[in-house]
Amino acid sequence: MSDLSARLSALSPEQRLRLTQSMRRHTAQAAAASPVVSAARIPRRQSLYFFASADALSAQDYYPLVLEAAARADEAGLHAIWLPERHFVDFGGYSPNPAVLAAAVAARTSRLRIRAGSVAAPLQHPVRITEDWALVDNLSAGRAGISFASGWHPDDFVLARTDYQDRRAVTGRTIEQVRAHWRGDPVRHPSTAGGEVEVRTRPRPVQPELPVWLTAAGNPATFTEAGRAGYGIMTALLGQSMQALRENVDRYRHAWQEAGHPGDGDVVVMVHAYVSDRPDLEDFLRPAMHAYLRAFRSQTAAANQDDELDASVLLESAYVDFLRGPSLLGDPAKARSVLAELGDAGADEVGFLVDFGLPAAEILAGLPALLALAPTTDHDPEEIPA
């Protein structure tokens, strides 16, 4: 979006207005029906992903929505549910601790795998991460998994144990400490009472190894790092193009093979999703997507540099890009085409992000069309890096 800001700064108000009108006229053409797609190209593993902005729904509406959607996904045979960790801001603000919400989901489901997407590793002690998610693993009979993130928002680091500048190195150490605790190995940690203490965590998890991913927003170095370390990669199309995704996945697979790990790793891609044939879909989704993108941009300094007209054009441009580009916003034909593109780009799993600002009732009403796209999973143990 920063590129758009630079281009828009050279436009007059009249040019900006004409740009907005033009984008709205051509949206229907951009979201035209896609060609027939082979089901073999569509990633077999499909999941639900949650990352709401807290200004869209009340907490009393949001948590029941997550639990009901999880129950329906479980019944329909989806693979997993992904729950984030965010602090202090509206964007993602209903999930300060994904393990708490994951425990509630575990009680409502029987097959759906339950994932942290993500745990901000530098903000928590590895013992606490292990204890929380081992509890989820027990409540779910062995369905827990974690994608770890290094964090990026400086304000979040009021919770951190280490310096913000060291966050990437701290994340790598934390992952390995959590994996060791998960296996039951003794791990030494410093104590404010003096010296170090060797501890083993309780409860013991059901799974002998923890399924692990590394969260990447699009930085090529993160993909290489995950492949080299033998972790799965959890990423999104918010902030990178399909071509950039393809190139990043290639980097990941290459690093994986160079490191000598068996198999070829695991790639999960989050995509905004609402599938419908309704003729007014563009206008129906616009307010929610504008608000969601505005909340996303509010976390960046660039958002404070735009005047009202700039912001409006930026949001509409980003929204049109979602409609015409690689999102699951559109009719079933377009959704199947994008799923096939994701498969071709190397995705092993697609996470449907459904809570981008629509009312809870509309999200639930839209689930059947979305779930109909997903092949039924057999829920056999998956080959995920652990």
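**Strands and helices, questioned**

Reader: Which residues lie on each side of β2, and are they buried or exposed?
Author: Ala80 and Trp82 sit on one side of β2, with Ile81 and Leu83 on the other. All of these are buried, and that is what it takes to say both faces are covered. Keep in mind that this is a predicted model.

Reader: What makes β1 "mostly covered"?
Author: Here the count settles it: β1 spans residues 45-49, and five of its five residues are buried. Buried means under 20% relative accessible area, so each of the five has to fall below that cut-off. Split by side, Arg45, Ser47 and Tyr49 are on one face, while Gln46 and Leu48 are on the other.

Reader: How do you know that β1 pairs with β2 and with β11?
Author: Count the bridges. Two strands pair if there are at least two bridges between them. There are two between β1 and β2 (residues 80-83), so that pair meets the cut-off. Five bridges join β1 to β11 (residues 349-353), so that pair passes too. β1 runs parallel to β2 and also parallel to β11.

Reader: Which residues does Leu48 bridge to in β2 and β11?
Author: In β2 the partner is Ile81, and in β11 the partner is Phe352. One residue further along β1, Tyr49 stands opposite Trp82 in β2.

Reader: Why are α7 and α8 called roughly parallel?
Author: Start with the angle: α7 (residues 220-229) and α8 (residues 242-258) pack at about 30°, with axes 7 Å apart. Anything under 35 degrees counts as roughly parallel, so α7 and α8 get that label. The crossing of α7 and α8 is right-handed.

Reader: Which residues make that contact, and what kinds are they?
Author: From α7 come Pro220, Phe223, Thr224, Ala226, Gly227 and Arg228. From α8 come Asn248, Val249, Arg251, Tyr252, Ala255 and Trp256. By type, the contact of α7 with α8 has seven nonpolar, three polar and two charged residues. Gly227 goes with the polar ones, because Gly counts as polar here.

Reader: What makes α3 oblique to α4, then?
Author: The axes of α3 (residues 59-76) and α4 (residues 98-108) cross at roughly 40° and come within 9 Å. Roughly parallel needs under 35 degrees and roughly perpendicular starts at 65, so this angle lands in the oblique class. The crossing of α3 and α4 is right-handed.

Reader: Which residues of α3 and α4 meet, and how do they divide by type?
Author: Tyr63, Val66, Leu67, Glu68, Ala70 and Ala71 in α3 meet Leu101, Ala104, Val105 and Arg108 in α4. That contact divides into eight nonpolar, no polar and two charged residues.

Reader: How do you know whether Thr130 is buried or exposed?
Author: Thr130 has a relative accessible area of 1%, and the buried cut-off is under 20%, so Thr130 counts as buried. Thr130 belongs to α5 (residues 126-139). Leaving out residues up to four places away in sequence, Thr130 touches Val178, His181, Trp182 and Thr201.

Reader: And the chain as a whole: how many helices and strands, and what share is buried?
Author: There are 12 helices and 11 strands. Of the 386 residues, 53% count as buried. As for contacts between residues at least 6 apart in sequence, 75% join residues at least 24 apart.

Note on methods. Residues numbered from 1 in each chain as written. Predicted model: local features only at pLDDT ≥ 70, side-chain atom pairs only at ≥ 80, totals over all residues. Heavy atoms only, no water. Axes fitted to C-alpha atoms, helices over the stretch in contact; angles between N-to-C directions. Helix = DSSP H or I, 4+ residues; strand = E, 2+ residues; numbered from the N terminus. Parallel < 35°, antiparallel > 145°, perpendicular 65-115°, else oblique. Left-handed = near helix turned anticlockwise from the far one by under 90°. Contact = heavy atoms within 4.5 Å. Buried < 20%, exposed > 50% of the residue type's maximum accessible area, 1.4 Å probe, protein only.
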